[in-house]
Amino acid sequence: MELTHLSKATAEKLKLLVERIEQSQIPPSMLDETLNIATWNIRDFGKRRRSELAITLISRVLYQFDLIAITELRDDLTDFKRVMQQLGPDWQFVISDWQSDFGGNWERTAFVYDKRMVQFTGLAAEAQPDRQKVDDQYISEQSWWRAPYMASFKAGSFDFMMLAMHARWGTRPGREQELASFGDWIKSRWVDNADTVFDEDLIVVGDFNIPRIGDRYYQALTHSSGLQMPLALAEINDTAASAGNKRYDQILHRARHAFSYADKGGVIDFAAQGLMAAIFDDTGIPESKWTYELSDHFPLWVQVNTNNELAILNNIIQKE
């Protein structure tokens, strides 16, 4: 990420964020050994034009990782393209289309990645609920407000699918059912028809609007799907900058025996200790708009081991 073009004022504010990132103790990734992945809901990203300072801050957060799933990206990609330009030529993305209604919120999902560390391997698709034949039409009885989006990647000897979702929110009756049906869909692909999937290793990420680990919404998502949470994230209770102690965001997985985490994970908490005020107080941006500049969600991250050669060989030997 190029920094020499920054003004003194922007550099001073970016330094505050970098210091907070350093406090998050994110270990460096190693080519063909480990991969730092993250999920981040960037609030209404593209709905309104962000300041140049916000674009710089968002770019720096993304730059910390190797592969990031971005949710709540809107139909207008102007600011997204500004971020990609700041990240530089080594960064690429795979992106979904948008849904033009209030349920879909005109949102996209994007996977942004450093091509020096991870490669896109060809599959990208929106997940669709299962359909039934009704009066000679194939119709789904389930509504997912925003279509989950998946793409295939490879790093080192580890190839995997990343599947991202932004689930519905609020107290609407269909919220729990949406999560349950998404879990059932994962089971139908990765358990019931495992021989047909593009890759057996699945990482599921996103903003699921789950208030806390183990509640009925979490159980709805994980019960049938068999999704598991990395132990490194078990003690993370808050991924929301304004709601307080809400574990809305998740990184979960279904995997074969070769899959493993590096026991490192967490969030970048940019709301604690008055950091948002220190960054935005003298910018003329009112406090009510600060989360629309950075976000109302924290990036949730985990480190994955990608050198699984011995585990793969042992798995082959045990099958003989």
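**Helix H1, helix H2 and the sheet around strand S9**

Visitor: Which residues are buried in helix H1?
Guide: The model described here is predicted. A residue counts as buried when its relative accessible area is under 20%. By that criterion, the buried residues in H1 are Thr 10, Lys 13, Leu 14, Leu 17, Arg 20 and Ile 21.

Visitor: Within what arc do the buried residues of H1 fall, seen down its axis?
Guide: The buried residues of H1 line one face of the helix, because their directions seen down the axis are confined to one arc. That arc is 110 degrees.

Visitor: Which residues on the other side of H1 are exposed?
Guide: Exposed means a relative accessible area over 50%. On the other side of H1, the residues that are exposed are Lys 8, Lys 15, Glu 22 and Gln 23.

Visitor: Against which helices do the buried residues of H1 pack?
Guide: H1 covers residues 8–23, and Thr 10 and Leu 14 are among its buried residues. The partners of these buried residues are helix H2 (52–63) and helix H6 (275–280).

Visitor: How far does H1 reach from its first C-alpha to its last?
Guide: H1 has 16 residues, for which 22 Å is expected at 1.5 Å a residue. The reach in the model is close to this expected value, at 23 Å.

Visitor: Is Ser 24 buried or exposed?
Guide: Ser 24 lies in the loop between H1 and strand S1 (34–45). Leaving aside residues up to four places away in sequence, it touches Val 267, Ile 268 and Trp 301. Its relative accessible area is 17%, and the cut-off is under 20%; Ser 24 is therefore buried.

Visitor: How many of the 12 residues of H2 are buried?
Guide: The buried residues in H2 include Leu 53, Ile 55, Leu 57 and Val 61. H2 is largely enclosed by the rest of the structure, because the number of its 12 residues that are buried is 10.

Visitor: What is the order of the strands in the open sheet?
Guide: The open sheet has 5 strands, and its pairing is mixed. Strand S5 (119–126) and strand S11 (249–254) each pair on one side only, and these are the edge strands. From one strand to the next, the twist averages 20 degrees. The order is S5-S8-S9-S10-S11.

Visitor: Do S8 and S9 run parallel or antiparallel?
Guide: In the hairpin of S8 and S9, 2 residues stand between the strands, and Gly 156 takes a positive phi near 60 degrees. The bridge partner of Ala 151 in S9 is Met 162. S8 and S9 are joined by 7 bridges, and their direction is antiparallel.

Visitor: In what sense do S9 and S10 pair?
Guide: Strand S9 (residues 158–166) and strand S10 (residues 202–207) are paired over 6 bridges. Met 165 stands opposite Gly 206 in S10, while Met 161 has Leu 202 in S10 as its bridge partner. The sense of the pairing is parallel.

Visitor: Through which helix does the chain cross from S9 to S10?
Guide: The β-α-β crossover from S9 to S10 is right-handed. The helix lies across strand S8 (149–155), S9, S10 and S11, running at about 160 degrees to S9. This helix is H4.

Visitor: How many of the 9 residues of S9 are buried?
Guide: In the order of the sheet, S9 stands between S8 and S10. S9 is largely enclosed by the rest of the structure, because the number of its 9 residues that are buried is 8.

Definitions and conventions
Residues are numbered from 1 along each chain as its sequence is written. This is a predicted model: local features need pLDDT of at least 70, side-chain atom pairs count only at pLDDT 80 or more; totals for chains, interfaces and linings use all residues. Side-chain values use heavy atoms; hydrogens and water are left out. Two strands pair if DSSP finds at least two bridges between them. Helices (H or I, at least four residues) and strands (E, at least two) are DSSP runs, numbered from the N terminus. Axes are lines fitted to C-alpha atoms, for helices over the stretch in contact, and angles run from 0 to 180 degrees between N-to-C directions. Contact means heavy atoms within 4.5 Å. Buried means under 20% relative accessible area, exposed over 50%, partly exposed in between (1.4 Å probe, protein chains only). A crossover is right-handed if, with the strands pointing away from the viewer, the path from the first strand over the helix to the second runs clockwise. The expected span of a helix is 1.5 Å times one less than its number of residues. The arc is that of the directions from the helix axis to the C-beta atoms.
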